[in-house]
Amino acid sequence: MDYFGKQLERTNKTNAADFRTQADVAAEEILISAIEKNLPEYNIVAEEHGTMDKGSPYSFIIDPLDGTNNFVLGIQRSLDLWAPGFCFCGLACGRLEAVINDGTELYDYAAGRLIALEAGGRTSDFQGKPEVLDDNDTFMLTNGSSIHEFLVDNLTHSFS
Ligand SMILES: [Mg+2]
């Protein structure tokens, strides 16, 4: 929280809207250091530092700061505009009924998706088929109610 609400240096990644701050990098370095100290054999897939494949069947997936844009703008979580992990947790605790994931990275949704599924969430692709987590990372996750069928009926044509 040393960085929250302060002027931060930005470094563009793919474009001006996709950037990191020193807060992202610092938080990630703390996490990587702790993992390498305690579980050095584990793979790490980190948003800012990339993939460290050590040949382990286990991997840590790190998104050091979920919602960098909001963080830089000083927007509190309760006013969140888009932070995938937070959205999936909102679904897990019943504040949201569905989350459409399209075009985010593994580290953006991995933890939140798992939490939502463990809370009873239901996932599929937009046609209602079992999701395939590939380079597209496109899926929907709902609270398991009839909204899932409603979304399949209404999204099938939009995303095909
Ligand atoms: Mg992030």
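Me: Which two domains does the domain assignment give for the chain in this predicted model?
Reply: The model is a predicted one, and its chain is divided by the domain assignment rather than left as a single unit. The bounds given are 10-73 for domain 1 and 83-155 for domain 2.

Me: How many residues of domain 1 are in contact with domain 2, and of which classes are they?
Reply: The C-alpha centres of the two domains, domain 1 and domain 2, lie 22 Å apart. Contact between them involves eight residues of domain 1 and eight residues of domain 2. Sorted by class, the side of domain 1 that touches domain 2 has three nonpolar, two polar and three charged residues.

Me: In what order do the strands β3, β4 and β5 stand in their open sheet, and which of them are at the edges?
Reply: This open sheet is built from three strands with mixed pairing, in the order β4-β3-β5. Each edge strand has a single partner, so one of its sides is left without a neighbour in the sheet. The strands standing at the edges in this way are β4 and β5.

Me: By how many degrees are neighbouring strands of the sheet β4-β3-β5 turned against each other on average?
Reply: The sheet in question is the open one with the order β4-β3-β5. With direction ignored, the average turn between its neighbouring strands is 10 degrees.

Me: In which sense does β3 pair with β5, and which residue of β5 is the bridge partner of Ala 46?
Reply: Four bridges join β3 and β5, and they run in the parallel sense. Along this pairing, Asn 43 stands opposite Ser 59 of β5. For Ala 46, the bridge partner in β5 is Ile 62.

Me: In which sense does β3 pair with β4, and how many residues lie between them in the hairpin?
Reply: The pairing of β3 with strand β4, residues 50-52, has three bridges and is antiparallel. One of the bridge partners can be named, since Ile 44 is matched with Met 52 in β4. The two strands form a hairpin, and the number of residues between them is three.

Me: What angle does the direction of α4 make with that of β5, where the helix packs on the sheet?
Reply: Helix α1, residues 22-38, packs on the sheet by touching β3 and β5, and its direction makes about 175 degrees with that of β3. Helix α4 also packs on the sheet and touches β3 and β5. Its direction makes an angle with that of β5 of about 110 degrees.

Me: Which elements do the buried residues of α4 pack against?
Reply: Helix α4 covers residues 106-118, and its 13 residues reach 18 Å from the first C-alpha to the last, close to the 18 Å expected. Its buried residues include Tyr 107, Asp 108, Tyr 109 and Arg 113. The elements against which the buried residues pack are β3, β5, α3, β6 and β8.

Me: Why is α3 described as largely enclosed, and which residue with a positive phi follows it?
Reply: Seven of the nine residues of α3 are buried, so the helix is largely enclosed by the rest of the structure. Among the buried residues are Pro 84, Cys 87, Phe 88 and Leu 91, and the buried residues of α3 pack against β6, α4 and β8. The residue that follows α3, with a positive phi near 90 degrees, is Gly 94.

Me: Why does Glu 97 count as partly exposed, and which residues does it touch?
Reply: Glu 97 lies in the loop between α3 and β6. It counts as partly exposed because it has 16 C-beta neighbours inside 10 Å, while a residue needs 20 or more to be buried and 12 or fewer to be exposed. Leaving out residues up to four places away in sequence, Glu 97 touches Thr 142, Asn 143, Ser 145 and Ile 147.

Me: Which strands stand at the edges of the open sheet made by β6, β7 and β8, and what is the average twist?
Reply: The three strands are arranged in the order β6-β8-β7, with antiparallel pairing. At the edges stand β6 and β7, each with a single partner strand, so one side of each is left without a neighbour in the sheet. From one strand to the next, the twist averages 15 degrees.

Key
Residues numbered from 1 in each chain as written. Predicted model: local features only at pLDDT ≥ 70, side-chain atom pairs only at ≥ 80, totals over all residues. Expected span 1.5 Å × (residues − 1). Contact = placed C-beta atoms within 7 Å. Domains from an automatic or database assignment. Nonpolar A, V, L, I, M, F, W, Y, C, P; charged D, E, K, R; others polar. Pairing = 2+ DSSP bridges. Axes fitted to C-alpha atoms, helices over the stretch in contact; angles between N-to-C directions.
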